[in-house]
Amino acid sequence: MRSDSSGTSDLERMIGKAAVEAARMSSQASQAAKKILGDVTAEIGEAKSPDQAPLDLIDADSELIARVALPGASKDEIDLRVTEDSLHVDAKATPREGRYLRRELGSISLKREIKLPVEVKPEQTKAAFKDGILEVHLPKLVVVSAQRVQVD
């Protein structure tokens with residue numbers, strides 16, 4: 001094995017170059033993932049508080065569909081607000097009247113606020129509440145679909 005004047009062998013130089021290249025590729029992969037996933041990765045790691053309502057967000061062709069679990073709430077107790085880029089849900093579940101033998105639920109306040117991955121049309125949002133699930137249909141502001149063009 002050859003060494004240069006500093007005592008570094010060819011093998012050591014090759015290993016160093018490979019390590020630098022691997023680090024560069026890892027950095028590029030990380031940047032690409034952040035670009036593709038956006039804020040999703042931040043939300044995955046966020047701690048869930050007891051009053052945070054579970055939520056599914058579905059990306060359909062022309063709309064986003066949010067499904068929020070609000071057990072025990074009634075539709076009159078739901079405060080739903082939508083902007084072009086966010087969804088905010090606040091609901092209260094009040095306990096039933098009666099003589100309790102055991103009471104663990106009490107009054108429950110559920111909240112959820114998320115930043116949407118695409119802009120939506122808040123004025124065209126529709127929502128329905130059934131069996132403790134709030135389903136919100138959020139029409140996308142811009143729907144990108146390829147159009148076939150006749151070539152002359």
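In the predicted model, V89 makes a broad set of contacts beyond its neighbours within four places in sequence. The partners are V68, L70, I78, D79, L80, L110, K111, R112 and L134. V89 also belongs to the largest nonpolar core, which holds 19 residues. Within this core, V89 is one of the seven residues that touch the most other members; V68, L70, L87, L116, L134 and L138 complete that group. Five elements give two or more residues to the core. These are β2 (63–69), β3 (78–82), β4 (86–93), β5 and β7 (133–139). V68, L70 and L134 thus appear twice: as contacts of V89, and among the core residues with the most neighbours in the core.

R112, another contact of V89, is found in strand β5, which spans residues 108–115. R112 has a relative accessible area of 7%, below the 20% cut-off, and is therefore buried. The side chain of R112 has a polar partner in the backbone of A53. A polar atom of that side chain lies 2.8 Å from the backbone oxygen of A53.

D131 presents the opposite case in terms of exposure. With a relative accessible area of 72%, D131 is exposed, because the value is over 50%. D131 sits in the loop between β6 (126–130) and β7. The backbone of D131 is notable for its phi angle, which is near 55 degrees. This is a positive value in a residue other than glycine.

The second largest pocket has a volume of about 220 Å³. Its lining comprises 13 residues, and T94, P95, R96, L105 and G106 are the closest to the pocket centre. By residue class, the lining divides into six nonpolar, three polar and four charged residues.

At the level of the whole chain, the model contains two helices and seven strands. Their order is simple. From the N terminus on, the elements run α-α-β-β-β-β-β-β-β. Both helices therefore precede the strands in this order, as the numbering of elements follows the chain from the N terminus. The protein chain has 152 residues, of which 20% count as buried. Contacts with a separation of 6 or more were also examined by sequence distance. Residues 24 or more positions apart account for 50% of these contacts in the protein chain.

How values were computed. Residues numbered from 1 in each chain as written. Predicted model: local features only at pLDDT ≥ 70, side-chain atom pairs only at ≥ 80, totals over all residues. Heavy atoms only, no water. Helix = DSSP H or I, 4+ residues; strand = E, 2+ residues; numbered from the N terminus. Buried < 20%, exposed > 50% of the residue type's maximum accessible area, 1.4 Å probe, protein only. Polar contact = N/O pair within 3.5 Å; in protein donor to acceptor, adjacent residues only side chain to side chain. 1 Å grid on protein atoms, 1.4 Å probe; cavity = no way out; pocket = protein on both sides within 12 Å on 5 of 7 lines; lining within 4 Å. Points joined across faces, edges and corners; volume = space filled by probe spheres on them. Nonpolar A, V, L, I, M, F, W, Y, C, P; charged D, E, K, R; others polar. Core = buried A, V, L, I, M, F, W, Y, C linked by side-chain atoms within 4.5 Å. Contact = heavy atoms within 4.5 Å.
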